Amino acid sequence: MELIYRTKSGHLDTSLALVEVWLGLVYSDFFRCDPKNGEWVDRDRIFLSEGHACPIQYMVNAELGYYPKEELFATNRRPDSNFQGHTVRNLKYGFENSNGSLGIGLWQAYGAALELKSKVFCIVGDGEMQEPSSLGLLAAPHNLKPCGNFILIVNNNGLAQDASVDIGPLSIAGKAWGWHVIEADGHDWKSVDDAYQQAVSIIDKSKMIIFKTVKGKGGDPAKAGKLGSHGKPPGNETELAAYIKGLESERK
Ligand SMILES: [Mg+2]
């Protein structure tokens with residue numbers, strides 16, 4: 001919240017929807033990375049496809065120790081920095097892919113998974129799953145081959161930038177095309193961990209976890225889960241205080 005407030009720009013709402021989903025993954029007992037050696041060949045990979053969620057990626061990787069938090073806060077969203085408005089591939093910083101255009105990152109991730117033995121995770125938005133290229137990926141386990149090391153993470157917050165989203169048929173379509181589909185509460189730590197544990201235990205199918213989330217969860221309760229706050233930072237100290245109060249009440 002402070003990062004985005006200071007920059008006066010960035011997607012706070014989307015990032016808040018992914019807090020438990022992202023932290024539950026990188027702090028799980030199976031995820032392998034080395035923040036001191038981002039190019040370690042056997043690392044597990046996280047591809048962020050819905051690139052506007054990069055603030056949560058930037059903060060988590062700072063916490064993990066890929067780079068100093070001070071650098072992030074001093075240069076966030078500057079065009080010439082390591083922390084642009086969408087992620088630029090930078091293995092030293094733990095960023096596997098450049099993003100921005102929706103519907104692309106999940107194909108980059110699937111291609112990587114086809115060639116790698118380590119686990120490949122890809123985070124997509126529910127609005128992004130409406131892209132024809134995203135829907136095309138649904139057929140990949142059937143038309144290409146299943147990837148037992150691939151886990152697609154769908155941030156199902158029910159909202160896109162300017163409209164609501166219903167991905168109801170996604171789990172049915174996924175199963176029909178050969179995915180192992182898991183549906184879970186993306187804000188409940190146990191539900192998140194159970195979903196990941198199940199996903200990594202299955203090795204003969206591509207996996208899809210559909211996490212039910214709330215856009216803006218843990219921020220200003222007046223805005224969470226509602227249209228109209230996409231990409232809008234807290235505008236002033238009063239709004240920031242409302243966000244932080246919401247965080248403290250919901251995430252004790
Ligand atoms: Mg969404």
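Trainee: Two residues are in contact if their C-beta atoms, placed from the backbone, lie within 7 Å. What covers the buried residues of α3?

Mentor: The cover includes α4, β2 (120-125), β3 (150-156), α10 (189-201) and β5 (207-212). Helices (H or I, at least four residues) and strands (E, at least two) are DSSP runs, numbered from the N terminus. This is a predicted model, where local features need pLDDT of at least 70 and side-chain atom pairs count only at pLDDT 80 or more, while totals for chains, interfaces and linings use all residues. Residues are numbered from 1 along each chain as its sequence is written.

Trainee: Which residues of α3 are buried?

Mentor: Glu20, Val21, Trp22, Gly24 and Leu25. Buried means 20 or more other C-beta atoms within 10 Å of the residue's own, exposed means 12 or fewer, and partly exposed is in between, with C-beta atoms placed from the backbone.

Trainee: And α4, which of its residues does α3 meet?

Mentor: Ile56, Val60 and Leu64 in α4 are met by Val19, Trp22, Leu23 and Val26 in α3.

Trainee: Switching to the strands. Why is β3 described as largely enclosed?

Mentor: Because 7 of its 7 residues are buried, β3 is largely enclosed by the rest of the structure. Both of its faces are covered. Phe150, Leu152, Val154 and Asn156 are buried on one side, and Ile151, Ile153 and Asn155 are buried on the other.

Trainee: How many bridges join β2 to β3?

Mentor: There are 6, and the two strands run parallel. Strands pair if DSSP finds at least two bridges between them. Within this pairing, phenylalanine 121 stands opposite isoleucine 151 of β3.

Trainee: What about β3 and β5, parallel or antiparallel?

Mentor: Parallel, again over 6 bridges. Isoleucine 153 has isoleucine 209 in β5 as its bridge partner.

Trainee: Where does β4 come in?

Mentor: Strand β4 (residues 180-185) pairs with β5, in the parallel sense and over 6 bridges. Alanine 184 is partnered there by phenylalanine 211 in β5.

Trainee: Now backbone oddities. What is the phi of lysine 8?

Mentor: It is positive, about 60 degrees, although lysine 8 is not a glycine. The residue lies in the loop between α1 (2-7) and α2 (12-17).

Trainee: Is that lysine 8 buried or exposed?

Mentor: Lysine 8 is exposed, because it has 10 other C-beta atoms within 10 Å.

Trainee: And what is the phi of arginine 77?

Mentor: Phi of arginine 77 is near 65 degrees, also a positive value in a residue other than glycine. Arginine 77 sits in the loop between α5 (69-75) and α6 (105-115). It has 19 C-beta neighbours inside 10 Å, so it counts as partly exposed.
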